[in-house]
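Here are some notes on the model you sent, set out as numbered points. They deal with helix packing and with a few individual residues.

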Amino acid sequence: AAVKRCGNVLSCADDSLKRDREIVMAAVKRCGTALEYADDSLKRDRKIVMAAVKRCGNVLSCADDSLKRDRKIVLAAVKRCG
């Protein structure tokens, strides 16, 4: 799939695909900033957000507020940002 080559292609995808967990996970594993384009429901998904911040710590700003209080996710984001 295209998202495996360039995660930000998710920005052009149909909304139904932005809600597809498998597609969003593939996108954020390739490019953490793809989380920005994911459906809000997936911005609350701990595994997806963790995969995204491991690629790009700054993408924590796109995560649901509930995950911004998650110590492990914040620590992973900080480690990635240095």
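1. A residue is called buried here when its relative accessible area is under 20%, exposed when that area is over 50%, and partly exposed in between. The model is a predicted one, and the points below should be read with that in mind.

2. In helix α5, which spans residues 71-81, the buried residues are Ile73, Ala76 and Ala77. Viewed down the axis of α5, these buried residues fall within an arc of 100°, so they line one face of the helix. The face of α5 that is turned away from this buried side carries the exposed residues Arg71, Lys72 and Lys79. As for what the buried residues of α5 pack against, the partner is α4.

3. The pairing of α4 with α5 can be described through its axes, which come within 7 Å and cross at roughly 15°. Because angles under 35 degrees count as roughly parallel, α4 and α5 are therefore roughly parallel to each other. The crossing in which α4 passes α5 is left-handed. On the α4 side, the contact is made by Arg46, Val49, Met50, Val53, Lys54 and Arg55, and on the α5 side by Lys72, Ile73, Ala76, Ala77 and Arg80. Sorted by class, the residues of this contact between α4 and α5 comprise six nonpolar and five charged residues, with no polar ones.

4. Turning to the preceding pair, helix α3 (residues 21-30) and helix α4 (residues 46-55) have axes that come within 7 Å and cross at roughly 20°. It follows from the angle that α3 and α4 are therefore roughly parallel to each other, and their crossing is left-handed. The residues making the contact are Arg21, Val24, Met25, Val28, Lys29 and Arg30 from α3, together with Lys47, Ile48, Ala51, Ala52 and Arg55 from α4. The contact of α3 with α4 has, by class, six nonpolar residues, five charged residues and no polar ones. Arg55 of α4 is named in the contact with α3, and Arg55 is named again in the contact with α5.

5. Is Lys79, which is found in helix α5, buried or exposed? Its relative accessibility is 63%, so Lys79 counts as exposed, and it belongs to the face of α5 turned away from the buried side. The C-alpha atoms of Lys79 and Cys56 are separated by 9.8 Å, although these residues are 23 residues apart along the chain.

6. Cys81 also lies in helix α5, and with a relative accessible area of 45% it is partly exposed. Leaving out residues up to four places away in sequence, Cys81 touches Gly57 and Asn58. Between Cys81 and Val28, the separation is 53 residues in sequence and 16 Å in space, taken from C-alpha to C-alpha; Val28 is one of the α3 residues in the contact with α4.

7. Arg44 lies outside the helices discussed above, in the loop between α3 and α4. At 47% relative accessibility, Arg44 counts as partly exposed. When neighbours within four places in sequence are set aside, Arg44 is in contact with Asp64 and Leu67. The C-alpha atoms of Arg44 and Ile73 are 12 Å apart, with their positions 29 residues apart along the chain counted as the separation, and Ile73 is one of the buried residues of α5.

Notes: Residues numbered from 1 in each chain as written. Predicted model: local features only at pLDDT ≥ 70, side-chain atom pairs only at ≥ 80, totals over all residues. Heavy atoms only, no water. Axes fitted to C-alpha atoms, helices over the stretch in contact; angles between N-to-C directions. Helix = DSSP H or I, 4+ residues; strand = E, 2+ residues; numbered from the N terminus. Parallel < 35°, antiparallel > 145°, perpendicular 65-115°, else oblique. Left-handed = near helix turned anticlockwise from the far one by under 90°. Contact = heavy atoms within 4.5 Å. Nonpolar A, V, L, I, M, F, W, Y, C, P; charged D, E, K, R; others polar. Buried < 20%, exposed > 50% of the residue type's maximum accessible area, 1.4 Å probe, protein only. Arc of directions from axis to C-beta.
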